[in-house]
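Thanks, I'll keep this short. Please have the model up while I talk through one annotated region and one interface.

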Amino acid sequence: MLKRMTRLVSGARQLDPGRFLHGEPQAPQSLAAHLDNQVPDESPRATSCTSEDDPARHGEQHEGRHYRIPLQDLRTVFPHGLPPRFGMQVRTFNEACLMVRKPALELLRYLKNTNFAHPAVRYVLYGETGTGKTLSLCHVIHFCAKQDWLILHIPDAHLWVKNCRGLLQSAYNKLRFDQPVEASSWLKDFQTANERFLSQIKVQEKYVWNKRESTEKGRPLGEVVEQGLTRVKNATDAVGIVLKELKRQSGSGAFRLLVAVDGVNALWGRTTLRREEKSLMAPEELALVHGLRKMVRNDWHGGAIVLTLSQTGSLFKPRKAYLPQELLGKEGFDALDPFIPILVSNYSPEEFESCVQYYLENSWLQHEKAQTEEGKKELLFLSNANPGQLERLCAYL
Amino acid sequence: MAAPAVKAARGRSVLALGLRRAVPRLPGLSQVRWSRYGPEYRDPQIDKEYYRKTLAELTEEEKYEQELRKTQLIKAAPAAKTSSVFEDPVISKFTNMMMKGGNRVLARSLMTQTLEAVKRKQFEKYHAAAAEEQATIERNPYTIFHQALKNCEPVIGLMPILRGGHFYQVPVPLPDRRRRFLAMKWMITECREKKHRRMLMPEKLSHELLEAFHNQGPVIKKKHDMHKMAEANRALAHYRWW
């Protein structure tokens with residue numbers, strides 16, 4: 001099955017639609033990129049940062065270098081915020097710099113060469129804790145936002161299966177449960193991220209909310225979202241409708257859909273939510289999880305699905321588990337099969353150097369010994385080139 | 001062979017210690033803190049550079065030193081002491097004083113979170129300040145920590161001395177280690193007691209350290225109070241006989 005997927009992708013690459021899809025970059029920008037390749041600047045800032053801010057033009061030559069995301073883009077592309085520690089770093093440095101790494105470049109290459117007539121391909125980013133799966137996902141989302149795709153981003157699926165208050169029985173299906181708080185906050189973020197699409201996409205069915213309110217056929221999708229935000233009780237149903245409509249209309253070619261879920265193993269794991277009778281709920285009894293499971297199936301075309309596995313927020317999974325089989329379980333693996341697995345590993349020596357250089361340039365490493373060779377060797381030893389550990393170490397040095 | 005020698009050493013250590021200390025720390029009171037090691041025990045060599053030198057590089061004295069260490073008894077290195085380049089004895093001592101119930105892991109993590117909080121606050125101030133002020137803002141959490149504790153050290157202390165059935169608070173010069181201890185003790189007590197129930201230790205401690213760095217705040221006030229009391233009781237200074 002994996003061979004069939006790779007043949008699909010390589011087949012698309014032979015036609016080489018990537019170059020033609022996004023067009024040749026304009027002359028001055030390509031000249032800048034050309035100069036960037038040709039004359040590697042020896043100044044310290046250039047070795048760890050690159051001036052290429054457009055993810056579409058990131059290539060092998062930018063590997064290991066940091067690129068800056070403009071702060072106003074952050075508010076529209078990542079309205080829910082970034083992972084907490086990265087968010088703190090952004091606030092401290094007043095800039096958001098992501099490192100361009102191999103897994104992200106691989107994913108970008110695949111996305112540039114997607115054939116939108118074929119069913120959506122599922123890419124799963126997996127790896128040990130702290131290796132950079134979530135930030136690679138953020139890189140890909142930034143690329144798709146720049147390319148004007150419709151982004152369906154669930155920042156952490158684990159938040160939907162634990163610590164939820166105010167569970168209601170679903171009006172649509174008596175056996176399922178609604179989560180008004182989570183659904184309404186997600187709708188708010190979805191609205192901020194995709195404002196321009198909400199007026200263009202029209203609903204293809206009439207939806208009756210209650211005796212007095214209903215959404216007619218042909219109304220913009222924005223109305224459904226507004227309904228979900230104003231009437232919090234209907235928020236989960238609004239989310240379900242949004243997912244259904246987007247799936248139905250993604251094939252029409254009016255927009256390209258990216259489904260990005262972080263911590264997708266939550267959908268097939270266990271929950272810690274209880275019913276009134278104090279018995280544990282299964283994830284399929286939650287309407288949000290049910291809708292998302294349908295979204296992640298590859299029975300639609302006109303986009304791509306990028307998923308991340310995460311042990312950090314997961315429930316009842318051993319700490320050292322990171323492989324797809326271990327985290328997803330049999331049910332999840334069978335549901336996601338076939339997918340393209342992309343391993344995200346620790347920093348290579350060049351990437352480590354670049355990261356330490358970036359911290360030194362921003363004067364983040366204040367300890368006098370941290371700037372010496374001995375200090376760098378010790379940092380490498382203590383963190384084992386794990387990006388998350390390195391960040392935590394450098395925070396107090 | 002080693003065991004009876006060690007036992008004999010330990011047996012000797014009690015007497016040796018009693019004989020050694022000519023000047024007691026407190027008048028009329030005996031030593032409280034014993035060491036299980038006798039005087040013949042040497043301190044462990046933690047320094048990595050010492051062991052990296054090859055035979056050719058050593059001088060005569062160092063060769064003699066190395067040979068001697070092979071026959072000498074050496075104390076065990078404490079678990080908290082590392083050969084890391086980032087190690088700081090002051091931070092280590094402070095962490096030990098913050099520790100409760102032997103939970104050094106928790107104390108160390110609180111300490112690192114405090115240093116991180118201090119750094120982030122200073123970076124925020126740096127970015128908000130104008131170009132001329134940026135040079136004056138100190139962003140190194142270690143210098144801030146050391147300077148803050150130095151600012152909190154009292155110069156003179158008070159000691160209760162019994163005269164004629166009454167205890168008088170007599171101003172007394174403090175040795176260095178007592179001053180450092182008092183500064184750290186005041187800082188930790190202040191942060192533990194005078195904070196809101198829900199406020200976390202790193203947040204409070206970082207705030208107090210920054211205030212002490214600028215010679216403000218409750219710990220500096222406590223130091224000044226101590227100085228004022230000593231100044232007020234200076235008539236009693238002749239009660240001190242050492």
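Residues 79–234 of chain B are 62% helix and 10% strand, and the C-alpha atoms at the two ends lie 44 Å apart. Helices here are DSSP runs of H or I of at least four residues, strands are runs of E of at least two, and both are numbered from the N terminus. For that stretch, UniProt lists "domain: Small ribosomal subunit protein uS7", from an unreviewed entry; such annotations may be inferred rather than shown by experiment, and positions follow the numbering used here, with feature names shortened.

This is a predicted model, with local features needing pLDDT of at least 70 and side-chain atom pairs pLDDT 80 or more, while totals for chains, interfaces and linings use all residues. Residues are numbered from 1 along each chain as written, chains are lettered from A and ligands numbered from 1 in written order, and side-chain values use heavy atoms, without hydrogens and water.

Now the interface. Chain B brings 18 residues to the contact and chain A brings 24, contact being heavy atoms within 4.5 Å. About 1900 Å² is buried between them, 54% of it from carbon and sulfur atoms; that is accessible area (1.4 Å probe) lost on being put together, summed over both parts. On the chain B side, Phe86(B), Lys119(B) and Arg120(B) lose the most area, together 37% of what that side buries.

There are 2 salt bridges between the chains, meaning a side-chain nitrogen of Lys or Arg within 4 Å of a carboxyl oxygen of Asp or Glu. One of them joins Arg85(A) to Glu116(B), at 2.9 Å, N to O.

How values were computed
Buried area is the accessible area (1.4 Å probe) that two parts lose on being put together, summed over both.
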